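Biologist: Got a minute to walk through this fold with me? I'd like to go sheet by sheet and then look at the helices.

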Amino acid sequence: MILHVACLPFPSHQGTQAALDAMLRAWSTSGRPAHLLAYTHGAYALDAPYAVHRVPDFPRVRSLRSGPTWGKVALDARGVAATRSLARRIRPSAIVAHHIEAAIVTLAADVAPVYYVAHTSLSRELPVYLPRLPTRTVSAVAGATERWICGRAAGVGAVAPSLAQLLPNARYIPVPWPSRFDGPARHEARSALDLPGDAHMCLYAGNLDHYQGWEHLLDALTHLRRIDDNARLLIATESETSPVRRAARLRGIADAVDFRRLGSEHARMQVHAAADIAWVPRRTEGGLPIKMLDAFARNVPVVAMERATAGLAVRDVCAVVQNDDPNAIAAATRRLLGAPAAAGASCARASEYLTSRHSADAYVDAVQSWVDADASSQAAATPHGPRRQAAPELQAR
C-alpha cells in the first residue's frame with residue numbers, strides 16, 4: 001500500500017493539485033491502490049478512485065493560495081501526527097511525499113521509506129514569496145533544505161526535466177495528462193462568457209503569483225495592439241486581480257483585458273474554447289506549468305517562454321520564445337494568428353505529444369523504473385542489504 005502525502009489544500013484547480021490528482025488516478029487505475037493525506041479544505045467535492053484522508057482541521061485554514069503562511073506551518077506540524085496515525089491504520093510500505101513540506105513531515109514521522117517528488121524548486125521559488133528578506137539568504141537556506149531532503153529520501157523524483165537537473169540524484173517523472181478534452185465551439189464559448197466574437201483572444205489561465213511573470217503578458221499585449229486593434233488578453237484565474245488591473249491601466253490597455261473566474265472544469269473548458277492562443281510565461285525556473293499541458297489537451301496553440309517549457313521536448317508542438325521578452329511573445333502570436341493551418345498542425349502535434357509522453361502508462365512505468373533503480377542502488381551501496389526496503393507493489397508489475 002502506498003501513501004501519498006501533500007501538505008496543501010486538495011482538490012483545487014491549481015496546477016500542482018491537478019497534477020497530483022492525475023498521478024493518483026493513473027496509479028489507481030493501473031490496479032495499484034493509493035491513499036492521499038492532504039489538508040482538510042479544498043475547492044470542490046472530488047469523486048476519486050483513491051482514498052483521501054485529511055489532516056485535522058485546526059487551525060482552520062481555508063486559503064487556496066500557494067506560498068508559506070503561519071497557518072500552513074501549524075497544519076504541517078499536525079501532519080506529522082496525522083501521518084503516524086494513518087500509517088498505523090493502513091500500514092503503507094512506502095510514502096510518496098509531494099513538495100518539500102510533505103517531505104519534511106513524512107521524514108519526521110519516520111514510519112516508512114519516503115520517496116520525494118519535487119513539483120518546484122524551493123531555492124528558486126521561495127524568494128518570490130519572501131520579497132522583504134535578502135534573496136540570496138532565502139535561496140541559500142531553501143537550497144540547503146532541498147539538499148537535506150534529497151539526502152534523506154529513499155528516492156528523488158521531479159515533475160520536469162529542468163527541475164531534475166536542479167536537485168541531487170533526481171530523475172524525471174512525467175505528469176500524466178489526457179491528450180484531448182472536448183469543448184464547445186468558439187462562438188458559443190465567447191457568447192457564454194460575454195466576450196467579443198471577432199477578437200483575437202490570448203489566454204492566460206492560472207494564478208497571479210509573482211513567480212508567474214504575468215507582467216510580461218501585459219507588455220506583449222501592448223506591443224500586439226499597436227498593429228492589431230482586435231487583440232485582447234483573457235485572464236482566467238481564482239487569484240486577486242487588482243494588481244493586474246492597476247498594471248493594465250498604467251499601460252493604457254485596461255479596456256483590452258478581460259477577467260473570468262476559473263473555479264470549475266466547466267469554466268476551464270469555456271475559457272480555452274474561447275481562446276485563439278494560450279500564453280505561458282514563467283519568471284522562475286524549476287516548476288512544470290500544467291497550464292501548458294492543459295492548453296495542449298484543449299486544442300489551443302501555445303506561445304511559451306523557454307523557461308516555462310521546463311526542459312520538455314515541446315519545441316515542435318508550441319512556439320517557444322526567449323525568456324522575459326514581450327516583443328517575442330507578440331511576434332510569435334502574430335505568426336500563429338496569421339497562419340491558421342500552422343496553428344492547427346501545432347495543436348495536432350501537441351495532442352500526439354501528450355499521448356506519447358504523458359500517458360498514464362508513461363507515468364506508471366517511470367515511477368516503477370525510478371523505485372527499482374533506487375532500490376538496486378541502495379542494495380549495492382549497503383554490504384548487508386538495502387538501507388530501505390521499497391514497496392512490494394512498486395517492485396512488481
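Modeller: Sure. One definition before we start: two strands pair if DSSP finds at least two bridges between them. And keep in mind that this is a predicted model.

Biologist: In the open sheet of seven strands, which are the edge strands?

Modeller: The pairing in that sheet is parallel, and the order reads 3-2-1-4-5-6-7. An edge strand there pairs on one side only. That picks out strand 3 (51–54) and strand 7.

Biologist: Which residue of strand 4 is the bridge partner of Val5?

Modeller: Strand 1 and strand 4 (residues 94–98) run parallel and are joined by five bridges. Look along strand 4 for the bridge partner of Val5 and you land on Ala97.

Biologist: What angle does the direction of helix 2 make with that of strand 2?

Modeller: Helix 1 packs on this sheet too, touching strand 1, strand 2 (34–38), strand 4 and strand 5 (114–118), at about 160° to strand 2. Helix 2 touches strand 1, strand 2, strand 3 and strand 4. Its direction makes an angle with that of strand 2 of about 155°.

Biologist: Now the open sheet of six strands: why is one side of strand 10 and of strand 13 left without a neighbour?

Modeller: The order is 10-9-8-11-12-13, with parallel pairing. Strand 10 (257–261) and strand 13 (319–321) stand at the edges, so one side of each has no neighbour in the sheet: each has a single partner strand.

Biologist: And what stands opposite Ile235 in strand 10?

Modeller: Strand 9 (residues 231–237) runs parallel to strand 10, and five bridges join them. Opposite Ile235 stands Phe259.

Biologist: Which strands does helix 11 lie across?

Modeller: Helix 11 covers residues 290–297 and runs at about 160° to strand 12. The strands it lies across are strand 8 (200–205), strand 11 (277–280) and strand 12 (302–305).

Biologist: On to helix pairs. Are helix 2 and helix 3 parallel, perpendicular or oblique to each other?

Modeller: Helix 2 (residues 70–90) and helix 3 (residues 99–109) have axes 8 Å apart and pack at about 50°. Angles under 35 degrees would be roughly parallel, and 65 to 115 roughly perpendicular. Helix 2 and helix 3 are therefore oblique.

Biologist: By class, how many residues in the contact of helix 4 with helix 5 are charged?

Modeller: The axes of helix 4 (residues 122–129) and helix 5 (residues 135–152) come within 8 Å and cross at roughly 140°. Among the residues that meet are Leu126 of helix 4 and Ala142 and Glu146 of helix 5. The class tally is five nonpolar, five polar and, for charged, one.

Biologist: How far apart are the closest N and O atoms of the salt bridge of Arg25 with Asp21?

Modeller: The structure holds 14 salt bridges. Arg25 and Asp21 are four residues apart in helix 1 (residues 15–29), so about one helical turn separates them. The closest N and O atoms of their salt bridge are apart by 2.9 Å.

Biologist: Any backbone oddities? Which residue has a positive phi although it is not a glycine?

Modeller: Most residues other than glycine have a negative phi, and most peptide bonds are trans. A cis peptide bond joins Phe10 and Pro11, with omega about -5°. The positive phi, about 55°, turns up in the loop between helix 6 (161–166) and strand 7 (170–172). The residue is Asn169.

Technical notes:
Residues are numbered from 1 along each chain as its sequence is written. This is a predicted model: local features need pLDDT of at least 70, side-chain atom pairs count only at pLDDT 80 or more; totals for chains, interfaces and linings use all residues. Side-chain values use heavy atoms; hydrogens and water are left out. Helices (H or I, at least four residues) and strands (E, at least two) are DSSP runs, numbered from the N terminus. Contact means heavy atoms within 4.5 Å. Axes are lines fitted to C-alpha atoms, for helices over the stretch in contact, and angles run from 0 to 180 degrees between N-to-C directions. Ala, Val, Leu, Ile, Met, Phe, Trp, Tyr, Cys and Pro count as nonpolar, Asp, Glu, Lys and Arg as charged, and the others, Gly among them, as polar. A salt bridge is a side-chain nitrogen of Lys or Arg within 4 Å of a carboxyl oxygen of Asp or Glu. Angles under 35 degrees count as roughly parallel, over 145 as roughly antiparallel, 65 to 115 as roughly perpendicular and the rest as oblique.
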